[in-house]
Amino acid sequence: MAVTTDREVPKGSILEVDSPEPTLIKVEILDPDRSYQTQCWKNGLGKTAEISIYPPEKDYRQDSFFWRLSENIIEGDYNFPMLLGYECTNIILPSHQNRKSTIHMNHRGEEASTTIKPLFPYTWSGEWSTACKVINAPVSNLQFLIKRDLGTAQFSVDKIGVSSDAESSRKLILSAFALVFVIEGNVRIALDENNSAQNYNEVLSKGQTLYVERDEDASPTTMVIQASDAEGGVNKRDLEEATIVTIQITESKPKGAPSTIGTMSDYFAMPPSSSSVVNTPAVPVKTPGSTGQEVVASDDNTPSSRRGPRRKGSLVVYDDQPNLPPAQRTETHDETVEIPKAGRQRRDSLAMLRGKIEATQIYEPPTFDILNQDTDVPPPVVRDKLVVEDFPKHSISTAWIKMVKQGLSEWLRMPVIVCRGTEDGPVVGITAAVHGNELNGVPCIHRVVSEIDVNNLHGTVVAVPCVNVSGYLKFNREFADGRDLNRLFPGKEDGFASQVFCYQLMNKVISQFNYLIDLHTASFGRVNSYYVRADMNDPASAIMARLQQPQIVLHNSGQDGTLRSAASARGIRAITVEIGNPQLFQSQYVQWSFVGVMRILDHLNMYTLDYTPSDEDLVALGPPNTILCSKGFWIYTKTGGVLEVYPGVNTIIKKGDLIARIKNIFGNVIDEYYAPCSAIVIGRSSNPVAMSGDRIVHLGVIKKKGESLPKEAKENY
């Protein structure tokens, strides 16, 4: 492997977030014997143990409060008290001695009642008159109350076993509060395991609750939950399976309220431009009897503001990576077309438009003498599989590789371009259109092949301009059987059609590579920035990602059925390059990805990159800076309707910023979505017609200075 030098690292800055304030404000284990407040019901039909309430000094019988969690033991039928403005959620806990205990709930005197099943959260409005009929008393249940105009809650019931994979036991906390109640067994819980300054690791047993309060402007917190013994030992064969309930409580604000986190220049300590739009902050007031400290005016019931707007810069620019200014573009808005003077020349048909149109409205044909766009490749041959040694050195060859038999018992063939140099060396594979409608990688490959002079090439470049031929011909993302190829690698020899194709691709083509650059775009209904997915804990993959010089690098360890993941498992260093939008060619992004591929070949000492743009064309080399993200995640819709998404790709958003709205077909706003944390927009939906569960925005959490990247980092796609 070639040794990296400072000369080979692309100029530009890697940007990270420097957030010195603590993410976790309070973490506490609540114990039934010491922390729970137990009280018998006055009617003798049960008793309640109050686990936690917020604000903590509130008495739920007399005061208004934000939320409350309690455990009830119900001995007989009862009527649930009405709680105006609150949402109520019950979770029936498993009964002992094989008794099938449950309750039937009847709301507003309706004829039909609802049977509540154990371990299934059931929510109703506190304004409803509710009668509860108990079956096989006593019944134990968790009860959660939340004031609906102050926030929302999400519930998750999970069984954690010894064989549980890491992903099933890992949770991403985006909310202001999180509660974990242990129903059965013992669990070991770790918080922010990649932040040594805030590392938390404790053992909880049956009946205990973990209380987590987070900074309202914090990055997401990672929670890893594992089944353990009473001492915290894990990975033992005789461990009891654990059952837990996780509640994430999110603070909300009135619809359309502006962000109170501060301006973009606050967050990045950059002077705002004269044309920048500043979010309106909350109005500070002085409370009676105060010492002059300003606080945000609030209702007595609202959660306290735990941190004010940022006042220090949080964007770290490494000193060894100078921040290059973007290329200066000549403004042409006020320019008019210069029409040649009349004379002995062909009549100018645009003369009548003199002084009425801008220069940018006149089409300028591309200058093909600057960049040879023709790949100049020979006709293809047909092969059963790719064997690099079968193709001659110092030449470019093309081939159709037989992949699988289709419905006419004919071979579905895949196009391959093989560029072999004069000497042996690494084999770099470049793939495009694994998803049939993601096409920016096709012209990128054409440019790479047209640029390479095999007489100066050391090693081999294998380019596959279209992996998913059937999807490509139908303008579809999926393969012929309607499945996503990039979730099924490495495939199966005897699986369904997509799995078989993935298996054949891995064994007939990918197995020949030492390095892989997999080119993608967003899919239908979405748009992307120019970004790279890579395992940044792997040095070779990390430098490949840097050499692409994208707008964003997203740390993603793989293990997710992608081609990159399957290649990495075979020892092939691989990255995924996301190049903009689907089913079209975007010249700027294509140019950036082409230069990035050539940088990688240059770094591997395979081909010398001889491209020196003028000062006015520095933008052709790529973005001036790259933002590194430690994790990424999608936000999904909770209901359907007309979707409006506001932030653009490659823009920074702050926690609490309004990012999307959903309206019904008559134009009424029925839901709003706010940024759960400060992040950068990697991708976003461009399709206004949204179903429940559709994607809204793809967010990247900017890596903090000093943060260790997790060994396993996946996304919720």
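What follows is a walk through a few parts of this structure, which is a predicted model.

Let's start with strand S20, which covers residues 242-251. Eight of its ten residues are buried, so the strand is largely enclosed by the rest of the structure. Two partners are worth looking up here. Strand S13 (residues 151-160) runs antiparallel to S20, and ten bridges join the two. If you want a landmark for that pairing, find Phe-155, which stands opposite Ile-247 in S20. Strand S15 (residues 177-184) also pairs with S20 in the antiparallel sense, this time over seven bridges. The landmark there is Ala-178, which stands opposite Gln-248 in S20.

Keep Phe-155 on screen, as it leads into the aromatic residues. Ring pairs link Phe-155 into a cluster with Tyr-54, Phe-66, Trp-67, Phe-144, Phe-177 and Tyr-211. Across the model, the count of aromatic pairs comes to 17. A pair of aromatic rings is described by the distance of the centres and the angle of the planes. Take Tyr-54 and Trp-67: their rings are 6.3 Å apart centre to centre, with 15° between the planes, and the pair is stacked. Tyr-54 belongs to strand S4 (residues 46-54) and Trp-67 to strand S5 (residues 67-74), so this contact ties together parts that are 13 residues apart in sequence. Both Tyr-54 and Trp-67 are buried.

Trp-67 has another ring partner, Tyr-211. Here the centres are 6.2 Å apart and the planes sit at 35°, so the pair is tilted; the stacked label needs planes under 30 degrees apart. Tyr-211 comes from strand S18 (residues 209-214) while Trp-67 is in S5, so the pair ties together parts that are 144 residues apart in sequence. Like Trp-67, Tyr-211 is buried.

Rings also meet charges in this model. The charged end of Arg-483 sits over the ring of Phe-496, 3.7 Å from the ring centre. Elsewhere, Arg-695 places its charged end over the ring of Trp-634, at 4.9 Å from the centre.

Now for the empty spaces. How many cavities of 30 Å³ or more does a search of the whole structure find? There are four, and the largest has a volume of about 240 Å³. Its lining takes in 21 residues, and the ones nearest the centre are Arg-477, Arg-487, Tyr-531, Arg-533 and Glu-578. Four strands each give two or more residues to that lining: S30 (526-528), S31 (530-534), S33 (573-579) and S41 (695-702). What about the chemistry of the lining? By class, the largest cavity is lined by four nonpolar, nine polar and eight charged residues.

One last stop is a sheet made from four strands. This sheet is open, with its strands in the order S38-S37-S35-S40 and antiparallel pairing. Which strands sit at the edges? They are S38 (669-674) and S40 (689-690), each of which pairs on one side only. Strand S37 (residues 658-663) runs antiparallel to S38, and five bridges join them. To check the register by eye, look for Ile-662, which stands opposite Asp-671 in S38. When you follow the side chains, remember that in a regular strand they alternate between the two faces of the sheet.

Terms used: Residues numbered from 1 in each chain as written. Predicted model: local features only at pLDDT ≥ 70, side-chain atom pairs only at ≥ 80, totals over all residues. Heavy atoms only, no water. Pairing = 2+ DSSP bridges. 1 Å grid on protein atoms, 1.4 Å probe; cavity = no way out; pocket = protein on both sides within 12 Å on 5 of 7 lines; lining within 4 Å. Points joined across faces, edges and corners; volume = space filled by probe spheres on them. Nonpolar A, V, L, I, M, F, W, Y, C, P; charged D, E, K, R; others polar. Phe/Tyr/Trp six-rings, centres within 6.5 Å; stacked < 30°, edge-to-face > 60°. Buried < 20%, exposed > 50% of the residue type's maximum accessible area, 1.4 Å probe, protein only. Lys NZ or Arg CZ within 6 Å of the ring centre and 35° of its normal.
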